[in-house]
Amino acid sequence: MSTQFPFTAVVGQEDLQLALLLNAVSPRIGGVLVRGEKGTAKSTAVRALSALLPEVEVVTGCRFSCDPAAPDPSCPDGPHPAEPAGARAARMVELPVGASEDRLVGALDIERALAEGVKAFEPGLLAAANRGILYVDEVNLLHDHLVDVLLDAAAMGASYVEREGVSVRHAARFLLVGTMNPEEGELRPQLLDRFGLTVEVAASREPDQRVEVVRRRLAYDDDPAGFAARWSDEEAAVRQRVVDARELLPKVLLGDGALRQIAATCSAFEVDGMRADIVMARTATALAAWAGRTEVEADDVRRAALLALPHRRRRNPFDAPGLDEDKLDQTLEESSGDDDPDPGPDGPGGGGQPSPDEGPRGDDAGAEPQDGKDDQDGAGGEGGEPRPAGAGAGEQAPARAAEPFRTRALTVPGIGAGAAGRRSRARTEHGRTMGARRPRGALTKLHLAATVRAAAPHQRARGRSGPGLVLRRDDLRQAAREGRESNLVLFVVDASGSMAARQRMSAVKGAVLSLLLDAYQRRDKVGLVTFRGAAAEVALPPTSSVDAAAARLESLPTGGRTPLAAGLLKAHDVLRVERLRDPSRRALLVVVTDGRATGGPEPVALAGRAARLLGAEPVASVVVDCESGPVRLGLAGRLAEELGGTPVTLDELRADSIAGLVRDVRGTTTRRAA
């Protein structure tokens with residue numbers, strides 16, 4: 001067995017280490033979500049934690065690690081006889097991103113259940129992790145339904161497996177740890193809330209600390225066992241401190257004053273629901289036990305807030321997690337003085353008036369100053385701001401995006417077989433049952449009626465004499481289901497001078513931002529190609545991080561000629577590469593332009609040829625026509641025809657304006673395929 005890097009040898013990640021240790025002291029906190037860039041010791045620290053956990057006593061031979069002092073009465077391996085207990089080290093079980101639901105929760109042998117009435121259950125990773133650690137690396141890339149199952153088990157302390165009326169329940173109490181790189185996509189806010197604590201990690205910018213990280217890593221790589229031995233005393237000390245804190249935890253007093261501070265903090269930061277209050281209370285109690293105290297102090301509440309609230313502050317997908325520490329200190333100070341403050345006429349919190357530090361709320365917050373100028377000459381930024389350094393001649397500072405709106409659903413026609421999502425129709429493991437087929441490989445979703453129909457004609461020949469159905473492997477039928485898949489939505493955005501009018505580019509960015517929000521909600525991958533001046537560039541390669549796409553869009557400058565052909569050809573290259581990487585993920589191309597093509601020899605003819613090249617590919621296309629004014633040339637409509645796609649104006653993109661857009665996209669692509 002390989003030697004793990006010691007937990008206490010990790011450099012510069014004190015918040016991460018503290019969050020993990022607090023969960024080791026009090027697993028009811030609800031686990032840790034570790035967010036951060038790659039190469040910041042996220043996985044190293046998590047894997048090293050298991051060595052600090054005390055040994056667990058288990059019932060000998062129980063596959064579900066039942067506690068001999070209080071065995072699970074519904075354990076599938078029970079009832080357990082009174083036998084001497086065994087002890088083993090706490091396990092750390094890793095859940096791979098590509099794991100199936102059966103691998104996670106366990107699998108029932110449906111054939112034996114139907115033919116023999118036997119609950120033959122093969123435990124999954126949840127059973128293996130019981131009374132240990134369950135680690136999910138890249139939890140943001142895990143399918144949503146698996147994350148739901150995982151978090152439900154963590155919340156209830158049990159796992160339920162049901163297949164066609166046959167059910168099994170077993171204990172599943174574990175310390176849940178997930179790591180993720182936000183650049184690869186975010187978790188839904190509902191799932192973020194289910195993690196007890198969150199920690200943001202980043203590489204140190206201090207040269208001395210970086211030197212120490214490299215020194216320790218090289219020493220470990222040269223002699224893992226020797227390096228671990230040099231840290232054995234520190235490891236033993238932390239392990240004993242965890243044991244002592246666990247013993248002290250039931251004696252820690254959480255007074256009314258601390259509870260009031262917790263409630264006031266969650267109220268001041270407008271956190272939804274009550275889970276944050278409960279997690280903060282448990283975390284503050286664990287912090288006191290970790291410090292060797294029997295009473296929660298104000299500093300415990302503050303540290304608990306910094307760990308439990310940042311990820312619960314996201315109000316929309318483009319909000320970055322975080323907490324205003326000045327506001328936190330002010331709230332704690334205001335709620336610590338009087339044990340029974342007068343709630344005032346509007347109840348606790350003062351009726352929602354913004355504090356002086358918060359600034360304005362509602363629709364006026366963050367609104368652009370209205371100066372009545374389009375700033376079309378490129379001499380400065382919005383509101384008279386100077387052009388940023390490095391901006392070339394004819395280039396304007398980035399325009400701010402208009403307020404996003406709800407867009408009409410755009411779907412790819414036909415039935416796909418891509419990753420689970422919420423956009424286009426697809427053959428999936430979850431969804432409506434549309435028929436039955438013979439299973440290819442392991443049976444996952446039984447179609448009971450089809451299985452009985454397949455077996456019924458052969459019962460006499462098989463010698464059936466009792467009430468049970470005599471089944472053979474060939475009788476089993478898999479349920480064929482239809483659900484929704486995620487797609488690749490590739491945006492091709494015209495950033496040339498013809499789009500540079502302030503109000504116009506602001507509206508364009510608002511429309512693309514609205515489509516990005518829709519892509520986030522439908523779990524799509526997104527990419528961004530821009531073209532202006534003399535060339536096109538991939539501003540963002542296809543990624544699951546819609547946040548990154550929104551950030552690139554916000555900083556997008558405009559100006560120069562309109563190399564439309566270059567933009568379309570660049571999109572063609574991106575789609576070709578993505579088809580090789582992920583053949584099952586279908587693409588939706590969204591071209592945002594006024595249709596003009598300038599620069600170079602024969603720009604219009606080149607753009608037409610590039611559009612027809614893309615139109616010959618199996619890609620659904622939508623052209624968002626940004627042309628405005630009383631005189632319109634209709635160039636975007638011609639581009640849509642050559643792409644075989646659907647033209648739609650900015651106004652028609654809104655959900656309440658284009659009821660027939662989905663039919664149009666589907667119909668146009670179907671005609672092109674014919």
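User: Before we start, when do two strands count as paired here?
Analyst: Two strands pair if DSSP finds at least two bridges between them. The model under discussion is predicted.

User: Good. What stands opposite Met92?
Analyst: Met92 stands opposite Ile133, which lies in E7. Strand E7 covers residues 132-137, and E4 pairs with it in the parallel sense over three bridges.

User: What is the strand order of the sheet that E4 and E7 belong to?
Analyst: The order is E4-E7-E10-E1-E11, an open sheet of five strands with parallel pairing. Strand E4 (92-94) and strand E11 (197-201) are at its edges; each has a single partner strand, so one side of each lacks a neighbour in the sheet. On average, and with direction ignored, neighbouring strands are turned by 20 degrees against each other.

User: Which strands does helix H2 lie across?
Analyst: Helix H2 (residues 42-49) lies across E1, E4, E7, E10 and E11. Relative to E10, which spans 174-180, the helix runs at about 165 degrees.

User: Changing topic: how are the strands ordered in the six-strand sheet?
Analyst: That open sheet reads E17-E16-E15-E18-E19-E20, and its pairing is mixed. Strand E17 (535-543) and strand E20 (646-649) form the edges, and because each has a single partner strand, one side of each is left without a neighbour in the sheet. From one strand to the next, the twist averages 20 degrees.

User: How many bridges join E15 to E16, and do they run parallel or antiparallel?
Analyst: Seven bridges join strand E15 (residues 488-494) to strand E16 (residues 525-532), and the two run parallel. In one of these pairings, Val489 has Val526 of E16 as its bridge partner.

User: Which helix packs on this sheet, touching E16 and E17?
Analyst: Helix H17 does, with residues 546-554. The direction of H17 makes about 15 degrees with that of E16.

User: And in which sense do E16 and E17 pair?
Analyst: E16 and E17 pair in the antiparallel sense, over six bridges. Arg532 stands opposite Ala535, a residue of E17.

User: How many residues lie between the strands in that hairpin, and which takes a positive phi?
Analyst: The hairpin of E16 and E17 has two residues between the strands. Gly533 takes the positive phi, near 70 degrees.

User: Last one: why is E16 described as largely enclosed?
Analyst: Seven of its eight residues are buried, so E16 is largely enclosed by the rest of the structure. The cut-off behind that reasoning is that buried means under 20% relative accessible area.

Methods. Residues are numbered from 1 along each chain as its sequence is written. This is a predicted model: local features need pLDDT of at least 70, side-chain atom pairs count only at pLDDT 80 or more; totals for chains, interfaces and linings use all residues. Side-chain values use heavy atoms; hydrogens and water are left out. Helices (H or I, at least four residues) and strands (E, at least two) are DSSP runs, numbered from the N terminus. Axes are lines fitted to C-alpha atoms, for helices over the stretch in contact, and angles run from 0 to 180 degrees between N-to-C directions. Contact means heavy atoms within 4.5 Å. Buried means under 20% relative accessible area, exposed over 50%, partly exposed in between (1.4 Å probe, protein chains only).
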